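Morning, everyone. One chain today, and I'll keep it short. Please have a look at the model first.

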Amino acid sequence: MHITPEKIKEAAEALECTELKSFMFQEPTAGPLTRKRRSSRSTGRSSRRSTRGTRRSSRGTRRSTRRSTRRSRRSTRRTRRSTRRSRRSTRRSRRSTRRTRRSTRRSRRSTRRTRRSTRRTRRSRRS
């Protein structure tokens, strides 16, 4: 029994099978079907929606990463500033302590000198 294109058309209409219909309207030299079947238009819409969603989500992730990088940069700047300030303050305090030490040394020396001189004068007066 020979299968005619008309019989195939009738069978496709009876089954309402999309593969058979697409098979019928192919060129005789064409290879096997590689296209994915879509049962209705709604699938196209949903795929569009999904791509939009992925775009939005990728945008959101980009934004969040930008924000996080900005925040980390700010925090690093702040820490650097604070460390600089603390270093400056420690330097200042060291300087001030050095100055006070110097001044105390000087005052001690001067007091020693005055004591010596007073002793000398007392001795000289006694004799």
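A word on terms: helices here are DSSP runs of at least four residues, numbered from the N terminus. With that in hand, the chain reads α-α-α along the sequence. That comes to 3 helices and 0 strands.

This is a predicted model, so confidence next. The chain averages a pLDDT of 77. At least 70 is reached by 65% of the residues. Where is confidence lowest, and where highest? Lowest is helix H2, residues 18-24, with a mean of 61. Highest is H3, at 82. A reminder: where pLDDT is low, the coordinates should not be read in detail.

Now the surface. The chain has 127 residues, and 3% of them count as buried. About 13,000 Å² is exposed. Carbon and sulfur atoms supply 45% of that area.

One residue to finish: Ser117. Ser117 sits in helix H3, which covers residues 42-126. Buried, exposed or in between? Ser117 counts as partly exposed, because its relative accessibility is 34%, and the partly exposed class lies between 20% and 50%. A polar atom of the Ser117 side chain lies 2.7 Å from the backbone oxygen of Thr114.

Key:
Residues numbered from 1 in each chain as written. Predicted model: local features only at pLDDT ≥ 70, side-chain atom pairs only at ≥ 80, totals over all residues. Heavy atoms only, no water. Helix = DSSP H or I, 4+ residues; strand = E, 2+ residues; numbered from the N terminus. Buried < 20%, exposed > 50% of the residue type's maximum accessible area, 1.4 Å probe, protein only. Areas by Shrake-Rupley, 256 points an atom, 1.4 Å probe, with all protein chains shown as cover. Polar contact = N/O pair within 3.5 Å; in protein donor to acceptor, adjacent residues only side chain to side chain. pLDDT = per-residue confidence, 0-100.
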